[in-house]
Amino acid sequence: MDIQINARNAKVTDSLRAQAAFRMERLQRLEQRITSATISFEIAGTTKRAEARLNAAGGPPIVAEGSGATLRNALDAAMDRIERQLKRRRQRRRDSRTRAVRGRQGGLVGR
């Protein structure tokens with residue numbers, strides 16, 4: 001997976017870069033088809049924001065944004081949101097496969 005880390009009006013420390021890369025690598029266990037990831041940090045006034053964008057094969061890009069008192073808090077919020085989206089995506093995929101199998105076997109579909 002290709003990981004890019006960008007900063008706008010902010011200085012990203014090495015420890016924050018390492019934490020961001022580690023958190024992105026851990027998302028591979030939820031979605032194996034992730035091809036690239038981009039994390040953008042931004043400071044606008046007193047607002048600190050982080051945006052995470054994942055590109056996975058077979059679907060649209062997944063985008064999550066978080067804000068917080070520090071860049072690390074913003075990163076944590078964005079990563080929590082993107083993790084929820086990946087879990088929901090995986091569950092929907094599993095449910096649709098289960099409905100398809102159940103429909104072929106003559107069971108009730110949609111329950």
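Here is a walk through the structure, from its overall layout to its core, its salt bridges and its cavity.

Keep in mind that this is a predicted model. The protein chain has two helices and four strands, and if you read along the sequence you meet them in the order β-α-β-β-β-α. There are 111 residues in the chain, and buried ones make up 27% of them. As for how the chain comes back on itself, take the contacts with a separation of 6 or more: residues 24 or more positions apart account for 50% of those.

Now to the inside. In soluble globular proteins, nonpolar side chains tend to be buried together. Here the largest nonpolar core has 23 residues, and Met24, Leu27, Phe41, Leu54, Leu75, Met79 and Ile82 are the ones with the most contacts inside it. Both helices and several strands take part: α1 (14-26), β2 (34-44), β3 (47-56), β4 (62-68) and α2 (71-104) each supply at least two residues. The top contributor is α2, which gives seven residues to this core.

Leu27 is a handy place to start exploring. Once you set aside its neighbours within four places in sequence, Leu27 is in contact with Ile34, Leu54, Met79, Ile82, Glu83 and Leu86. Among these partners, Leu54, Met79 and Ile82 are also on the list of residues with the most contacts inside the core.

Buried doesn't have to mean nonpolar, though, and Arg89 is worth a look. Arg89 lies in helix α2, and its relative accessibility is 17%, so it counts as buried, the cut-off being under 20%. What does Arg89 touch, not counting residues up to four places away in sequence? The list is Glu31, Arg33, Ala56, Ala57, Gly58, Gly59, Pro60 and Ile62.

Next, the charged pairs. The count comes to 10 salt bridges. One of them joins the side chains of Arg49 and Glu42, at 3.2 Å from N to O. The two ends sit in different accessibility classes: Arg49 is partly exposed because its relative accessible area is 32%, while Glu42, at 17%, is buried. Glu42 and Arg49 also belong to a wider arrangement, since salt bridges that share partners join Arg8, Glu42, Arg49 and Glu65 into one network.

Another pair is Glu51 and Arg53, whose closest N and O atoms are 3.9 Å apart. Glu51 has a relative accessible area of 25% and is therefore partly exposed, and Arg53, at 34%, is partly exposed too.

On helix α2 you'll find a salt bridge between the side chains of Glu83 and Lys87, at 3.5 Å from N to O. Why are Glu83 and Lys87 separated by about one helical turn? Because they are four residues apart in helix α2. Lys87 counts as partly exposed, with 41% relative accessibility.

Finally, the empty space. A search of the whole structure finds one cavity of 30 Å³ or more, and the volume of the largest cavity is about 50 Å³. Its lining consists of Arg23, Arg26, Leu27, Arg29, Leu30, Met79 and Glu83, with α1 and α2 each supplying at least two of the residues. Sorted by class, the lining has three nonpolar, no polar and four charged residues. Some names come round again here: Leu27 and Met79 from the core list are in the lining, and so is Glu83, the salt-bridge partner of Lys87.

Key: Residues are numbered from 1 along each chain as its sequence is written. This is a predicted model: local features need pLDDT of at least 70, side-chain atom pairs count only at pLDDT 80 or more; totals for chains, interfaces and linings use all residues. Side-chain values use heavy atoms; hydrogens and water are left out. A nonpolar core is a set of buried Ala, Val, Leu, Ile, Met, Phe, Trp, Tyr and Cys residues joined through side-chain atoms within 4.5 Å. Buried means under 20% relative accessible area, exposed over 50%, partly exposed in between (1.4 Å probe, protein chains only). Contact means heavy atoms within 4.5 Å. A salt bridge is a side-chain nitrogen of Lys or Arg within 4 Å of a carboxyl oxygen of Asp or Glu. On a 1 Å grid over the protein atoms alone, a cavity is a set of points where a 1.4 Å probe fits but cannot get out, and a pocket is an open set with protein on both sides within 12 Å along at least five of seven lines; lining residues have an atom within 4 Å of a point. Grid points are joined across faces, edges and corners, and a volume is the space filled by probe spheres set on the points. Ala, Val, Leu, Ile, Met, Phe, Trp, Tyr, Cys and Pro count as nonpolar, Asp, Glu, Lys and Arg as charged, and the others, Gly among them, as polar.
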